[in-house]
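Me: I would like to go through the terms used for this model one by one. For each, please give the value, set it against the cut-off, and conclude.

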Amino acid sequence: MEKRCLWAQSNALMQSYHDEEWCIPSRDDRYIFEMLNLEGAQAGLSWNIVLSKRQAYQEAFQHFDIQYCAQLSEEDLAFIKEHFGVIKHSAKLKSVRSNAQAVIRIQKEWGSFANFLWSFSNDQVIDNIWLSDAQIPAQSAISVQLSKELKKRGFKFVGPVTTYSFMQAIGMVNDHIENCISRSSSDK
């Protein structure tokens, strides 16, 4: 029987995300921006809820086009809240705009959002080998440091726990447990 990280075993949507995206390194600014905002939307909720609404988020935010999101008006955000199947938390929706604006400033300084983020791990994947899901931390020294820097640069919903999950989402951290099928396929 195939073994996955425990958190991914609840349903097909979680399994698909685990198998095809989680802990796979990405340097695509659009994808990274999407994951940053979806992780922020999760605050206080389950990842399963966010994944179930992902398509609505993609439609509402033009597949997380950074320039588009940076220019959203209050009216645009109110329309999204009312007419799309996204999480109806006004501050989380507004954070998509402010996060996009912050990404654009970083892109001008660093060439890409990915260059900035990956500098926190010396451009390397932080490869943790855990025996069980219970060993996976909620945050790390790097997620605390990155969280502080993101907040300083105007990002919202980027506490150290959210930032650690974000680092997993974009593959800066590999936290697949030792006997997970995703670890065995990535180690080959």
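Reply: A polar contact is a pair of N or O atoms within 3.5 Å, where one must be able to donate a hydrogen and the other to accept it. The model is predicted. At the start of H2, a side-chain oxygen of Asp28 comes to within 2.9 Å of the backbone nitrogen of Arg30.

Me: What makes the approach of Asp28 to Arg30 a polar contact?

Reply: The pair is a side-chain oxygen of Asp28 and the backbone nitrogen of Arg30, within 2.9 Å. The cut-off is 3.5 Å, so the pair counts as a polar contact.

Me: Which backbone atom does the side chain of Asn37 reach, and at what distance?

Reply: The side chain of Asn37 reaches the backbone oxygen of Phe33 at 2.9 Å. Set against the limit of 3.5 Å, this is a polar contact too. Asn37 is found in helix H2.

Me: Why is Asn37 called buried?

Reply: Asn37 has a relative accessible area of 5%. Buried means under 20%, so Asn37 is buried. Leaving aside neighbours within four places in sequence, Asn37 is in contact with Phe64, Ser95, Val96 and Asn99.

Me: How do you know that the span of H2 is close to the one expected for a helix?

Reply: H2 covers residues 29-42, which is 14 residues, and reaches 20 Å from its first C-alpha to its last. At 1.5 Å a residue, 20 Å is expected, and the span of H2 is close to that.

Me: What makes H2 mostly covered?

Reply: Of the 14 residues of H2, 13 are buried. Just after H2, Gly44 takes a positive phi of about 85°.

Me: What makes the meeting of H2 and H7 a contact, and which residues take part?

Reply: Contact means heavy atoms within 4.5 Å. On the H2 side the residues are Asp29, Phe33, Leu36, Asn37, Gly40, Ala41 and Gln42, and on the H7 side they are Lys92, Ser95, Val96, Asn99, Ala100, Val103 and Gln107. By class, this contact has six nonpolar, six polar and two charged residues. The axes of H2 and H7 come within 10 Å and cross at roughly 145°, and the crossing is right-handed.

Me: How do H2 and helix H10 cross, and which residues make the contact?

Reply: H10 covers residues 160-169, and its axis and that of H2 come within 9 Å, crossing at roughly 145°. The crossing is right-handed. H2 contributes Tyr31, Ile32, Met35, Leu36, Glu39 and Gly40, while H10 contributes Thr162, Ser165, Phe166 and Ala169. By class, there are six nonpolar, three polar and one charged residues in this contact.

Me: Why is Ser147 called buried?

Reply: Ser147 has 1% relative accessibility, and the cut-off for buried is under 20%, so Ser147 is buried. Ser147 is found in helix H9, residues 141-152. Not counting neighbours within four places in sequence, Ser147 is in contact with Val158, Gly159, Pro160 and Thr163.

Me: Why is Ile142 called partly exposed?

Reply: The relative accessible area of Ile142 is 23%. Buried needs under 20% and exposed over 50%, so Ile142 falls in between and is partly exposed. Ile142 is in helix H9. Not counting residues up to four places away in sequence, Ile142 touches Phe120, Ile126 and Met167. The C-alpha atoms of Ile142 and Phe120 are separated by 6.9 Å, with the two residues 22 apart along the chain.

Me: Why is Gly85 called partly exposed?

Reply: Gly85 has a relative accessible area of 39%, which lies between the 20% and 50% limits, so Gly85 is partly exposed. Gly85 is found in the loop between helix H6 (74-83) and helix H7 (90-110). Gly85 touches Lys53 and Ala56, not counting residues up to four places away in sequence.

Me: Cys23 or Gln62: which is buried and which is partly exposed?

Reply: Cys23, at 7% relative accessibility, is under 20% and therefore buried. Gln62, at 44%, lies between 20% and 50% and is therefore partly exposed. Cys23 is in the loop between helix H1 (12-20) and H2, and Gln62 is in the loop between helix H4 (54-60) and helix H5 (66-70). Phi is near 70° in Cys23, a positive value in a residue other than glycine. In Gln62, also a residue other than glycine, phi is positive and near 50°.

Terms used. Residues numbered from 1 in each chain as written. Predicted model: local features only at pLDDT ≥ 70, side-chain atom pairs only at ≥ 80, totals over all residues. Heavy atoms only, no water. Helix = DSSP H or I, 4+ residues; strand = E, 2+ residues; numbered from the N terminus. Expected span 1.5 Å × (residues − 1). Buried < 20%, exposed > 50% of the residue type's maximum accessible area, 1.4 Å probe, protein only. Axes fitted to C-alpha atoms, helices over the stretch in contact; angles between N-to-C directions. Left-handed = near helix turned anticlockwise from the far one by under 90°. Nonpolar A, V, L, I, M, F, W, Y, C, P; charged D, E, K, R; others polar.
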